[in-house]
Amino acid sequence: MSRPNESSIPPRPQEPSPWTLAGQKMSSRLIFGTGGAPSLDVLEAALRASGAELATVAMRRVSADGGEGSLLGTVRASGAAVLPNTAGCHTAADALLVARLAREALETDWVKLEVVADDTTLLPDPVELVEAARLMVADGFTVLPYTNDDPVLARHLEQAGCAAVMPLGAPIGSGLGIRNPHNIAMIAGLVSVPVILDAGIGTASDAALAMELGCDAVLVASAITRAADPARMAAAIRSAVEAGWLARGAGRIPRRWHAVASTALEGQVAPA
Amino acid sequence: MTITLNGEPREVPDGTTVAQAVAEVTSQATGLAAAVNGEVVPKTAWSRPLADTDRVEVVTAVQGG
């Protein structure tokens, strides 16, 4: 089966679904993670196709060739604002320093807080995470923490003053989808700050599910940047996020154990 | 004097400033931040001279989720 070519994909109607993140009106419910793109050209095409208004970047030592210099230009040219993360940090103190460096370099006090326990699981360290969130909120940051799919931890982060919570669907880069949809739905019901599904998305249907479970937005990196065709996957996930959001608002039918006929029995032809 | 610049030891003349250390590792003019001994030094204070054994970090934005 061949895929439709670019020109055969009809333009999608833009569904109005504004939401508010840290007092800022957002139209797109898809946040773009720039990690993993094979080139800036590919990144730019995918970013534009995603319609994202927010794109994450990491902070690293400058390299001798200065090759990353145009990353910020690429992101901003797509119309997205830059959201620095603290990827790679293992302690609250590390994360605070990286956030402060990002604030200085990028002139934003928004930060996607990541404090991971180890480099094998890349799972958030809940103890350091909450400590880092408190330190950063006290230091004036707008904190968007990457967290476990733990409703109690999400509530602690909200109480610490975070502007959103970003529970994982599955480990970073795993593409395993949402392993505990019940917990994601519970988080969405328990906290009053926006819930952004972060990590684990493998394909469009995972993003739709996140929205159906009650998330306000979805952050996607690898599923787009490492897809065979990143721009096409960005367009697919953008549509899926909107579809999931629409479905959530539309009110799904209850699940039932047995069939419920959709066709009326009245007027059925009598057997001979 | 010897400073540690992005993890590498480096001989620099006495009186070398943060700005000069930054210029050693990048020609980039924007999107940069520097820390000395774990404290961010705002760009407005980059004329500050470094001391022997200072650890200088110069960072920028790279692709990351």
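These are my notebook entries on the contact between two chains, its salt bridges and the two pockets I looked up in this predicted model.

**Entry 1: the contact between the chains**

I began with the question of how many residues of chain B are in contact with chain A. I found 24 residues of chain B in contact with 31 residues of chain A. The area buried between chain B and chain A comes to about 2200 Å², and carbon and sulfur atoms give 60% of that area. I then looked up which three residues give the most on the chain B side, and noted that Val62(B), Gln63(B) and Gly65(B) supply 31% of the area that chain B buries against chain A, more than any other three residues.

**Entry 2: polar pairs and salt bridges**

Between chain B and chain A I noted 11 residue pairs in polar contact, with both residues of each pair at pLDDT 80 or more. On the side of chain B that touches chain A, the strands β3 (32-36), β4 (39-41) and β5 each supply at least two residues, and the largest share, seven residues, comes from β5(B). By class, I recorded this side of chain B as 12 nonpolar, 10 polar and two charged residues.

Turning to charged pairs, I found a count of nine salt bridges over all chains, and a count of two between chain B and chain A. I looked at one of them, in which the side chains of Glu104(A) and Lys43(B) meet at 3.9 Å, N to O. This pair crosses between chains, with Glu104(A) in helix α3 of chain A and Lys43(B) in the loop between β4 and β5 of chain B.

**Entry 3: the largest pocket**

I next asked which residues lie closest to the centre of the largest pocket. The largest pocket has a volume of about 480 Å³, and of the 31 residues that line this pocket, the closest to its centre are Ile172(A), Ala221(A), Ser222(A), Gly64(B) and Gly65(B). I had already met Gly65(B) among the three residues that together supply 31% of the area chain B buries against chain A. In the lining I found at least two residues from each of β4 (54-61), β10 (217-220) and α8 (222-225) of chain A, and likewise from β5 (55-63) of chain B. By class, the lining of the largest pocket has 13 nonpolar, 12 polar and six charged residues.

**Entry 4: the second largest pocket**

For the second largest pocket I noted about 330 Å³ of space. Its lining has 16 residues, of which Cys89(A), Asp94(A), Leu97(A), Val98(A) and Glu57(B) are the closest to the centre. Two or more residues of this lining come from each of β4 and α3 (92-106) of chain A and β5 of chain B. Which element gives the largest share of this lining? I found that the largest share, five residues, comes from α3(A), the helix that also holds Glu104(A) of the salt bridge in my second entry. The lining residues of the second largest pocket divide into eight nonpolar, three polar and five charged.

How values were computed:
Residues are numbered from 1 along each chain as its sequence is written. Chains are lettered from A and ligands numbered from 1 in the order in which they are written. This is a predicted model: local features need pLDDT of at least 70, side-chain atom pairs count only at pLDDT 80 or more; totals for chains, interfaces and linings use all residues. Side-chain values use heavy atoms; hydrogens and water are left out. On a 1 Å grid over the protein atoms alone, a cavity is a set of points where a 1.4 Å probe fits but cannot get out, and a pocket is an open set with protein on both sides within 12 Å along at least five of seven lines; lining residues have an atom within 4 Å of a point. Grid points are joined across faces, edges and corners, and a volume is the space filled by probe spheres set on the points. Helices (H or I, at least four residues) and strands (E, at least two) are DSSP runs, numbered from the N terminus. Ala, Val, Leu, Ile, Met, Phe, Trp, Tyr, Cys and Pro count as nonpolar, Asp, Glu, Lys and Arg as charged, and the others, Gly among them, as polar. Contact means heavy atoms within 4.5 Å. Buried area is the accessible area (1.4 Å probe) that two parts lose on being put together, summed over both. A salt bridge is a side-chain nitrogen of Lys or Arg within 4 Å of a carboxyl oxygen of Asp or Glu. A polar contact is a pair of N or O atoms within 3.5 Å; within protein, one must be able to donate a hydrogen and the other to accept it, and residues adjacent in sequence count only if both atoms are side-chain atoms.
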